[in-house]
Amino acid sequence: MPVDLTPSQALGLWHEVTSQQVQQDGRDLTLRQLAILLEIYLVPPPHTVRGLASKLGVTKPVITRALDTMGELGLVTRMRDDRDRRNVIIKRTVDGALYLERLGDLIIARGRAQTA
């Protein structure tokens with residue numbers, strides 16, 4: 001279903017969703033961390049630090065720092081690739097999937113309220 005929003009309405013929707021997510025969940029992700037999380041959950045695996053860095057146009061240490069925090073929050077896990085020990089594979093977690101499912105639900109609810 002297409003949704004027609006003005007830029008101001010779209011920003012208002014994003015503002016409402018992010019504010020509500022922070023209030024309800026308490027995990028305060030940066031925009032970069034959210035982009036990484038969405039990439040891991042919406043794009044089929046495998047996901048590596050090198051691949052995420054390339055996709056987002058940042059360095060591997062930037063991704064590593066973001067993943068450190070996201071791992072502490074239980075949103076992702078990391079493990080060495082058994083076939084190539086230089087690679088670190090990023091894995092999904094149930095908690096990360098639930099975080100994004102709740103975020104998706106918030107977007108739907110706020111979008112419906114805004115267009116009603």
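This is a short tour of the structure, one selection at a time.

**Whole chain**

Start with everything shown as a cartoon. The model is predicted. The protein chain holds five helices and three strands. Follow the chain along the sequence and the pattern reads α-α-β-α-α-β-β-α. Along its principal axes, the C-alpha trace spans about 50 × 25 × 25 Å.

**The sheet**

Select residues 47-48, 76-80 and 88-92, which are strand 1, strand 2 and strand 3. In what order do the three strands lie in the sheet? The order is 1-3-2, the sheet is open, and the pairing is antiparallel. Strand 1 and strand 2 are the edge strands, and each pairs on one side only.

In a sheet, strands pair through backbone hydrogen bonds, either parallel or antiparallel. Turn on the backbone atoms and look at each pair.

- Strand 2 with strand 3: five bridges, in the antiparallel sense. Pick Val76 and find Arg92 of strand 3 opposite. Then pick Thr77, which stands opposite Lys91 in strand 3.
- Strand 1 with strand 3: two bridges, again antiparallel. Pick Thr48 and look across to Ile89 in strand 3.

**Helices on the sheet**

Keep the strands on screen. Add residues 31-42, which form helix 2. Helix 2 packs on the sheet and touches strand 1, strand 2 and strand 3. The direction of helix 2 makes about 80° with that of strand 3.

Now add residues 60-72, helix 4. Helix 4 also packs on the sheet, touching strand 2 and strand 3. Its direction makes about 120° with that of strand 2.

**Helix 2 against helix 3**

Hide the sheet and show residues 49-56, helix 3. Helix 2 and helix 3 pack at an angle of about 115°. Their axes lie 11 Å apart. Is the crossing left-handed or right-handed? The crossing of helix 2 and helix 3 is right-handed.

Show side chains for the contact. Helix 2 brings Ala35, Ile36, Glu39 and Ile40. Helix 3 meets them with Leu52, Lys55 and Leu56. Of the residues in this contact, five are nonpolar, none is polar and two are charged.

**A cis bond between prolines**

Move to the loop between helix 2 and strand 1, where Pro46 sits. Select Pro45 and Pro46 together. The peptide bond joining them is cis, with omega about 10°.

**The largest pocket**

Finish with a surface view. The largest pocket has a volume of about 190 Å³. Select its lining: Trp14, Thr18, Gln21, Val22, Arg27, Asp28, Leu29, Thr30, Leu31, Leu34, Tyr99 and Leu103. Three elements give two or more residues each: helix 1 (7-25), helix 2 (31-42) and helix 5 (94-115).

Which helix gives the most to this lining? Helix 1 does, with four residues. Color the lining by residue class. Seven residues are nonpolar, three are polar and two are charged. Helix 2 has now come up at three stops: on the sheet, against helix 3 and in the pocket lining.

Methods:
Residues numbered from 1 in each chain as written. Predicted model: local features only at pLDDT ≥ 70, side-chain atom pairs only at ≥ 80, totals over all residues. Heavy atoms only, no water. 1 Å grid on protein atoms, 1.4 Å probe; cavity = no way out; pocket = protein on both sides within 12 Å on 5 of 7 lines; lining within 4 Å. Points joined across faces, edges and corners; volume = space filled by probe spheres on them. Nonpolar A, V, L, I, M, F, W, Y, C, P; charged D, E, K, R; others polar. Axes fitted to C-alpha atoms, helices over the stretch in contact; angles between N-to-C directions. Left-handed = near helix turned anticlockwise from the far one by under 90°. Contact = heavy atoms within 4.5 Å. Pairing = 2+ DSSP bridges.
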